[in-house]
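Here is a structure to read through by question and answer. Please look over the sequence and the model before going on.

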Amino acid sequence: MNKLKIRKNDTVVVLAGEDKGKTGKVLKVLVEKQRAIVEGVNIINKSTKPNAKNPQGGFVKQEAPIHISNLSLIDPKSGKATRVAIKHEGKNVIRIAKKSGEEIK
């Protein structure tokens, strides 16, 4: 399986689907399924049974995973979607934005 170029806390833009054009912060990356959970993107209504936290039960809005191929990192310089290059410096791995050549932190 290929390594993913998107990590937790990255800012990404959605390229395809219902939420196309929206941006958000990556909350979690599911490596095995090649999916990510992005803040404010792909919101679903999940029905829940009554519990201690929510004694009434009902519907809860939450983010659902979205496939990595539908996401693109945002260039730190221009603020637009960019592809990612990987550069090795000794044991360190550095991600570089292809549009500006700037390092992604």
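The questions below go through the sheet, one of its strands, some loops and the core of this predicted model.

Q: In what order do the strands of the open sheet of six strands run?
A: The pairing in this sheet is antiparallel. Two strands, β6 (66–67) and β8, pair on one side only and are the edge strands. Read across the open sheet, the order is β6-β3-β2-β1-β7-β8.

Q: Which residue in β8 stands opposite Ile-74?
A: Strand β7 covers residues 71–74 and pairs with β8 over two bridges. The sense of that pairing is antiparallel. Opposite Ile-74, in β8, stands Ala-81.

Q: Is Thr-82 buried or exposed?
A: Thr-82 is part of strand β8, residues 81–82. Buried means under 20% relative accessible area. Thr-82 has a relative accessibility of 4%, so the residue counts as buried.

Q: How far is the backbone nitrogen of Lys-99 from a polar atom of the side chain of Thr-82?
A: Away from its neighbours within four places in sequence, Thr-82 is in contact with residues including Ser-72, Asp-75, Lys-98 and Lys-99. The side chain of Thr-82 reaches the backbone nitrogen of Lys-98 at 3.3 Å. For the backbone nitrogen of Lys-99, the distance to a polar atom of that side chain is 3.2 Å.

Q: Which residue has its backbone nitrogen 2.5 Å from a polar atom of the side chain of Asp-19?
A: Asp-19 sits in the loop between β1 (11–14) and β2, and is buried at a relative accessible area of 12%. Leaving aside neighbours within four places in sequence, its contacts are Val-14, Val-41, Asn-42 and Ile-43. The backbone nitrogen at 2.5 Å belongs to Asn-42.

Q: What is the approximate phi of Asn-42?
A: Asn-42 lies in the loop between β3 and β4 (43–48). Its relative accessible area is 26%, so Asn-42 is partly exposed. Although Asn-42 is not a glycine, its phi is positive, at about 60°.

Q: Near what value is the phi of Gln-34?
A: The loop between β2 (23–30) and β3 (35–38) holds Gln-34. With a relative accessible area of 26%, Gln-34 is partly exposed. Gln-34 is a residue other than glycine with a positive phi, near 55°.

Q: How many residues does the largest nonpolar core have?
A: In soluble globular proteins, nonpolar side chains tend to be buried together. Here, β1, β3 and β7 each supply at least two residues of the largest nonpolar core. Among the residues with the most contacts inside it are Val-12, Val-38 and Leu-71. The residue count of this core is 14.

Q: Which arginine does Ile-6 touch?
A: Ile-6 is one of the residues with the most contacts inside the largest nonpolar core. Not counting residues up to four places away in sequence, Ile-6 touches Val-12, Val-26, Val-29, Ile-68, Leu-71 and Leu-73. The list also holds an arginine, Arg-95.

Q: How far apart in space are Leu-30 and Glu-18, C-alpha to C-alpha?
A: Leu-30 is in strand β2 and, at 23% relative accessibility, counts as partly exposed. Beyond residues up to four places away in sequence, Leu-30 touches Arg-35 and Pro-65. Leu-30 and Glu-18 are twelve residues apart in sequence, and their C-alpha to C-alpha distance is 20 Å.

Note on methods: Residues are numbered from 1 along each chain as its sequence is written. This is a predicted model: local features need pLDDT of at least 70, side-chain atom pairs count only at pLDDT 80 or more; totals for chains, interfaces and linings use all residues. Side-chain values use heavy atoms; hydrogens and water are left out. Helices (H or I, at least four residues) and strands (E, at least two) are DSSP runs, numbered from the N terminus. Buried means under 20% relative accessible area, exposed over 50%, partly exposed in between (1.4 Å probe, protein chains only). A polar contact is a pair of N or O atoms within 3.5 Å; within protein, one must be able to donate a hydrogen and the other to accept it, and residues adjacent in sequence count only if both atoms are side-chain atoms. Contact means heavy atoms within 4.5 Å. Two strands pair if DSSP finds at least two bridges between them. A nonpolar core is a set of buried Ala, Val, Leu, Ile, Met, Phe, Trp, Tyr and Cys residues joined through side-chain atoms within 4.5 Å.
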